[in-house]
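Could you walk me through this structure, stop by stop, while I have it open in my viewer? I would like to know what to select next and what I will find there.

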Amino acid sequence: MPLYIADGSIDHITLKNVPEEFVIFYSSIIDGEMWCPDCRLVEKLVKETFPEQGPEALIVYVGNKPQWKNPLNIYRQEPWKVTSVPTIVRLKDGKELGRLSNEVEILEKLTEFVGTSK
């Protein structure tokens with residue numbers, strides 16, 4: 001399955017060296033759904049873009065709303081510096097190659113960014 005979910009035990013620094021080429025930062029799931037409406041808005045496209053036989057991505061949940069809004073949230077710090085969710089980062093050998101950092105960019109550019117055709 002090309003969409004994996006970080007189990008929470010992975011350190012945010014070690015996360016730079018995961019085998020997946022893409023890291024997707026989403027709001028955490030509260031009461032059965034992501035609390036962030038923008039994350040919910042792009043979820044279907046993300047699932048379509050990372051099909052069973054496609055590129056691999058790792059989903060990282062950034063926390064509930066108060067945790068995410070805290071400026072000390074670990075994903076807001078080095079090395080990620082995520083400023084909004086959803087954010088999708090492309091990695092190669094632990095180096096960031098690019099990112100889409102809001103729902104508009106993701107909806108408009110994800111297919112090209114990932115290099116897949118629908």
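Here is a tour that starts with the whole chain and then moves from stop to stop.

**The whole chain**

Before you click on anything, keep in mind that this is a predicted model. Show the protein chain as a cartoon and you should find 3 helices and 7 strands. Starting at the N terminus, the order of the elements is β-β-β-β-α-β-α-β-β-α.

Now switch to the C-alpha trace, which spans about 35 × 30 × 25 Å along its principal axes. The protein chain has a radius of gyration of 13 Å, which agrees with the value near 13 Å for a compact globule of 118 residues. Of those 118 residues, 42% are buried. Among the contacts with a separation of 6 or more, 62% are between residues 24 or more positions apart.

**The largest pocket**

Next, turn on a surface and look for the largest pocket, which holds about 260 Å³ of space. Its lining is made of 18 residues, and the ones closest to the centre are Leu3, Glu43, Lys47, Ile59 and Tyr61. Select those five to centre your view.

Which elements each supply at least two residues of the lining? They are β1 (3-5), β4 (33-34), α1 (37-49) and β5 (57-61). The largest share, 4 residues, comes from α1. If you colour the lining by residue type, you will get 12 nonpolar, 1 polar and 5 charged residues.

**Two cis bonds**

Move on to the loop between α2 (65-69) and β6, where you can select proline 79. The bond that joins glutamate 78 and proline 79 is a cis peptide bond, with omega at about 0 degrees. Proline 86 is in the loop between α2 and β6 as well. The peptide bond leading from valine 85 to proline 86 is also cis, and its omega is near 5 degrees. These bonds are worth a stop because most peptide bonds are trans.

**Threonine 87**

Now select threonine 87, which belongs to strand β6 (residues 87-92). Is threonine 87 buried or exposed? Its relative accessible area is 0%, so threonine 87 is buried. Show the side chain of threonine 87 and draw a distance to the backbone oxygen of serine 84: you should get 2.4 Å.

To see what surrounds threonine 87, leave out residues up to four places away in sequence; threonine 87 then touches Val23, Ile24, Phe25, Val82, Arg99, Leu100, Ser101 and Ile106.

**Valine 89**

Stay in strand β6 and select valine 89. Valine 89 is buried because its relative accessible area, 0%, falls under 20%. Setting aside residues up to four places away in sequence, valine 89 touches Glu21, Phe22, Val23, Phe25, Trp80, Glu96, Gly98 and Arg99. For a sense of scale, draw a line from the C-alpha atom of valine 89 to that of tyrosine 75: they are 14 residues apart along the chain and separated by 12 Å.

**Glutamate 96**

From valine 89, step across to glutamate 96 in strand β7. Glutamate 96 is partly exposed, with a relative accessible area of 32%. Apart from its neighbours within four places in sequence, glutamate 96 is in contact with Lys16, Val89, Arg90 and Leu91. Show the side chains of glutamate 96 and arginine 99 too, and you will find a polar contact of 2.9 Å between them. The C-alpha atom of glutamate 96 is separated by 25 Å from that of methionine 34, 62 residues apart along the chain.

**Two aspartates with positive phi**

The last stops are in loops. Select aspartate 93 in the loop between β6 and β7 (95-100). Its phi is near 55 degrees, a positive value in a residue other than glycine. Aspartate 93 is exposed, with a relative accessible area of 70%.

Then go to aspartate 31, in the loop between β3 (29-30) and β4. Aspartate 31 has a positive phi of about 50 degrees, although it is not a glycine. With a relative accessibility of 80%, aspartate 31 counts as exposed. Such values catch the eye because most residues other than glycine have a negative phi.

Definitions and conventions:
Residues numbered from 1 in each chain as written. Heavy atoms only, no water. Buried < 20%, exposed > 50% of the residue type's maximum accessible area, 1.4 Å probe, protein only. Polar contact = N/O pair within 3.5 Å; in protein donor to acceptor, adjacent residues only side chain to side chain. Contact = heavy atoms within 4.5 Å. 1 Å grid on protein atoms, 1.4 Å probe; cavity = no way out; pocket = protein on both sides within 12 Å on 5 of 7 lines; lining within 4 Å. Points joined across faces, edges and corners; volume = space filled by probe spheres on them. Nonpolar A, V, L, I, M, F, W, Y, C, P; charged D, E, K, R; others polar. Rg over C-alpha atoms; globule rule 2.2 N^0.38 Å.
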